[in-house]
Structure formats: structure tokens, C-alpha cells
Amino acid sequence: MKKIEAIIRKTKFDEVKEALLGADIEWFSYYDVRGVGKTRQERIYRGVVYDTSYIERTLLTIVVRDVNVDRTVEALLKTAQTGEVGDGRIFISPVDDSVRIRTGERGDISLYDADKK
């Protein structure tokens, strides 16, 4: 099992969500987050200077079976990428174990319904 964390533009969230559902990734968590990037920029609006170095993004946390890692990453890349600075990052980490609280199932089976797949 792998944990995939993706930091994406907030404007791309709906497209990414649909792509993940289309790739049979049925469950993930997301959070609105802020970060600081390399680019420093100030914008002036009606004479007031705004610091835009704090970037608002969405962080997705997805735990998948090893067989679903590539399709998940491809769905993220296809929909979250604009080609401009600030598209985000994808991090992939190993997951040692998973337990479904309702049934006590452990491992890969805890991530999906065996009857449906």
C-alpha cells in the first residue's frame, strides 16, 4: 500500500476529483492549506500592496493498493498540470498496514470491498 499526498491548485480540485473517481479511486481526504513557494510577488490593488507569497492550495491524501499507484498519479498529473509554476507536488510513501474499523479487516482488503472488485 502507498500513501499519495498531492498539493494542487484550488482551482483544479473539481477536475482532479472527477479524474480520481474515473480511475476507480473512491475515497480520499482533502484539506485547504497554505504554503510558501520560491516565487515572491506583490500585487497592487487600488493602491494597496498585497503580499502573494502565501499560496492557497488543496492537499489530497489518498491511500491506495500498490496496483493503483500509477493510475492515481496519472490521473493527478493529467488534470492538475497547467505547465506553469505553482502546479504543486505529489509525494508517495509506503504504508505498513491499514485497518477497517467497522470490520477489523487488515491490509489491502481494508481499502476496498472485495465483493465489488
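Colleague: Which word fits Tyr 30: buried, partly exposed or exposed?
Modeller: Buried means under 20% relative accessible area and exposed over 50%, with partly exposed in between (1.4 Å probe, protein chains only). Tyr 30 has a relative accessible area of 47%, so Tyr 30 is partly exposed.

Colleague: What kind of model is this?
Modeller: Residues are numbered from 1 along each chain as its sequence is written, and side-chain values use heavy atoms, with hydrogens and water left out. Local features need pLDDT of at least 70, side-chain atom pairs count only at pLDDT 80 or more, and totals for chains, interfaces and linings use all residues, because this is a predicted model.

Colleague: How many aromatic pairs does the structure hold?
Modeller: Rings of Phe, Tyr and Trp (its six-membered ring) pair if their centres lie within 6.5 Å. Planes under 30 degrees apart count as stacked, over 60 as edge-to-face and the rest as tilted. The number of aromatic pairs in the structure is two.

Colleague: Which label fits the pair of Phe 13 and Phe 28: stacked, tilted or edge-to-face?
Modeller: The ring centres of Phe 13 and Phe 28 are 6.5 Å apart. Their planes stand at 70 degrees, so the pair is edge-to-face.

Colleague: How many residues apart in sequence are the parts that Phe 13 and Phe 28 tie together?
Modeller: Helices (H or I, at least four residues) and strands (E, at least two) are DSSP runs, numbered from the N terminus. Phe 13 lies in helix α1 and Phe 28 in the loop between α1 and β2, so the parts tied together are apart in sequence by 15 residues.

Colleague: Are Phe 13 and Phe 28 buried or exposed?
Modeller: Phe 13 has 13% relative accessibility, and Phe 28 has 16%. At these values Phe 13 and Phe 28 count as buried.

Colleague: What angle separates the planes of Phe 13 and Tyr 30?
Modeller: Phe 13 and Tyr 30 form a tilted aromatic pair, 4.5 Å centre to centre, and the angle between the planes is 40 degrees. This pair links distant parts of the chain, with Phe 13 in helix α1 and Tyr 30 in strand β2, 17 residues apart. The angle asked for is 40 degrees.

Colleague: Which helix or strand gives the most to the largest nonpolar core?
Modeller: A nonpolar core is a set of buried Ala, Val, Leu, Ile, Met, Phe, Trp, Tyr and Cys residues joined through side-chain atoms within 4.5 Å. The largest one has 17 residues, and those touching the most other members include Ile 4, Leu 60 and Leu 76. Two or more residues each come from β1 (2–9), α1 (13–22), β5 (54–64) and α2. With five residues, the element that gives the most to this core is α2.

Colleague: Which residue touches Ile 4, Ala 6, Gln 81 and Ile 90, among others?
Modeller: Contact means heavy atoms within 4.5 Å. Residues up to four places away in sequence are not counted here, and the list also holds Val 16, Leu 20 and Leu 60. The residue with these contacts is Leu 76.

Colleague: How many salt bridges are found in the whole structure?
Modeller: Side chains of opposite charge can pair when their charged atoms come close. A salt bridge is a side-chain nitrogen of Lys or Arg within 4 Å of a carboxyl oxygen of Asp or Glu. A search of the whole structure gives a total of eight.

Colleague: Which residue meets Arg 9 in a salt bridge?
Modeller: The partner's side chain meets that of Arg 9 at 3.0 Å, N to O, and the partner is Asp 87. Asp 87 lies in the loop between α2 and β6 and Arg 9 in strand β1, so the pair ties together parts 78 residues apart in sequence. Arg 9 is buried, at 15% relative accessible area, and also buried, at 15%, is Asp 87.

Colleague: Where does Arg 71, the salt-bridge partner of Asp 24, lie?
Modeller: The side chains of Asp 24 and Arg 71 meet at 3.7 Å, N to O. The two are 47 residues apart, with Asp 24 in the loop between α1 and β2 (29–36) and Arg 71 in helix α2.

Colleague: Is Pro 94 buried or exposed?
Modeller: Pro 94 is found in strand β6 (residues 89–94). Leaving aside neighbours within four places in sequence, Pro 94 is in contact with Met 1 and Lys 2. The relative accessible area of Pro 94 is 64%, so Pro 94 is exposed.
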